[in-house]
Amino acid sequence: MTHHKQLSIGLFGFGVVGEGLYKVLQKTPSLSASIRKVCIKDTTKKRNAPASLFTTDRDELLNDEDINVIVEVINESEAAFQIVSTALRNGKSVVSASKKMIAEHLPELLALQQETGQSFLYESAACASIPVIRNLEEYYDNDLLHGIKAVVNGSTNFILTKMFEDKLDFQQALLLAQQLGFAESDPSLDVDGYDAVNKWAFLLTHAYGIIEHPENLLFTGIQNIHATDAKVAAEKGQQIKLVAQARKLNDGRVASFVIPQFVPQDDHLAFVKNEYNGVVIESGFADKQFFYGKGAGSFPTASAVLSDLSALRYDYKYEYKKLYHHQPNTLANNFYLRVYVSFTDWKYIPREKFEWIEEWHAREERKYLVGVLPVKELMENNWWKTNATSLILTPDPIIEDIAIQQLKKKSLELAGIV
Ligand code: HSE
């Protein structure tokens, strides 16, 4: 029988995820993992655990030689980075759920893992209960990953579901997401797309070996989605979701963005409601695969932390295979996107930047159009995020550079112009 390592845990944070983990561990004695100490910031909050477990002194955990694993599930990303770096340097394995911290410090965290040889696992940081990172690492460990598209933020998906299906207004839906423990303590992180792009930043590393600061990735959130957009979606029999997507182009580079998208009913992602997340992977010979599960909340997130702890018993480490064992991919900036844009006034829309506009409705108070834009236009300007302008990608929005001339010609023919 294999002898598993005994895990003695120092836990940072006892909020939605930390307390969830505490309860989940009590229900899984077979893991032989025990929490030795919990470091918290606020001692005035009532905690559902023995007082002797808690401290406010982080060194009590970081310098305790009997603690071999640090689980870090706190809110502040800079403090989290300090804790994680010290823990790794002090010879401890680390499990973290801090997506913002991981996204913003990835190069340093990669260096620290190489320098210390310690495991640093963070399955819970993206799509909570869905084992997406370990799948990208272990199963899609080759270069046949053609594309990946996903709903990676539970709160925005929850809000969109509640608004469009249960007719709640935005504020009510957000409040509910906060009460249920899905939303970030600063909910604009969810609503404006920061949380989604943070997760996407390191999913791109595991999927394609790309390392890019989230600020440099193309993204927005659901902040400008308007009732008109929902009406148009309903007329087309589609839904609107905040979708993170990456696809390998013909030239080998990777197109990537996190932008709301119209999702037809027969798309796998149409099935993803409320705080669920979903990941559709397209690979060389397997065609499409769909992963689905709860992407936020106490127990779903704790379940992924638990699985990381379990993997630490046999010293599992991410190898970052796409980064270290393959030729890493680079991001593309030469493709086009077919977009829907709704807006209040034509003066906010640079019509001349569109390759073509194939549909427009300009009579009502809120106007909209469907057209094709070079991705560079979205990367370099922000008219599409300001003045209450709402940009939503059409299904399968990517048009390759080489296809554009052909399609242009075809659309002219269809319009009866040539
Ligand atoms: N606020 C995050 C979400 C929590 O809604 O997805 C899980 O990462």
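The following exchange goes through salt bridges and a domain interface in a predicted model.

User: What makes Glu358 and Arg338 a salt bridge?

Analyst: The closest N and O atoms of Glu358 and Arg338 are 2.5 Å apart, and because the rule asks for a side-chain nitrogen of Lys or Arg within 4 Å of a carboxyl oxygen of Asp or Glu, the pair qualifies. The two residues come from distant parts of the chain, with Glu358 in strand β13 (residues 356-361) and Arg338 in strand β12 (residues 336-343), 20 residues apart.

User: Why is Arg338 called partly exposed?

Analyst: Arg338 has a relative accessible area of 27%, and since buried means under 20% and exposed means over 50%, a value in between is called partly exposed. Its partner Glu358, at 37% relative accessibility, also counts as partly exposed.

User: Why are Arg89 and Glu115 called exposed?

Analyst: Arg89 stands at 53% relative accessibility and Glu115 at 54%, so both fall under the rule that exposed means over 50%. The side chains of Arg89 and Glu115 meet in a salt bridge, at 3.5 Å from N to O, and the pair links helix α3 (residues 77-89) with helix α5 (residues 106-116), the two residues being 26 apart.

User: How do you know that Glu400 and Arg247 form a salt bridge?

Analyst: The closest N and O atoms of Glu400 and Arg247 are 3.8 Å apart, and because the cut-off is within 4 Å, the pair is accepted. In general, side chains of opposite charge can pair when their charged atoms come close. Between domain 1 and domain 2 the count is two salt bridges, whereas by this rule the count for the model comes to 23.

User: What shows that domain 1 and domain 2 touch, and which residues supply the most of the area that domain 1 buries?

Analyst: The assignment gives domain 1 as 141-295 and domain 2 as 336-414, and 24 residues of domain 1 are in contact with 26 residues of domain 2, where contact means heavy atoms within 4.5 Å. The two domains bury about 2,100 Å² between them, 63% of it on carbon and sulfur atoms. Leu218, Asn224 and Phe262 supply 27% of the area that domain 1 buries against domain 2, more than any other three residues.

User: What polar contacts cross this interface, and which element gives the largest share of the side of domain 1?

Analyst: The rule finds nine residue pairs in polar contact across the interface, both residues being at pLDDT 80 or more. Elements giving two or more residues to the side of domain 1 that touches domain 2 are α11 (227-235), β8 (238-248) and β9 (254-264), and the largest share, seven residues, comes from β9.

Note on methods. Residues numbered from 1 in each chain as written. Predicted model: local features only at pLDDT ≥ 70, side-chain atom pairs only at ≥ 80, totals over all residues. Heavy atoms only, no water. Domains from an automatic or database assignment. Buried area = accessible area lost by both parts, 1.4 Å probe. Polar contact = N/O pair within 3.5 Å; in protein donor to acceptor, adjacent residues only side chain to side chain. Helix = DSSP H or I, 4+ residues; strand = E, 2+ residues; numbered from the N terminus. Buried < 20%, exposed > 50% of the residue type's maximum accessible area, 1.4 Å probe, protein only.
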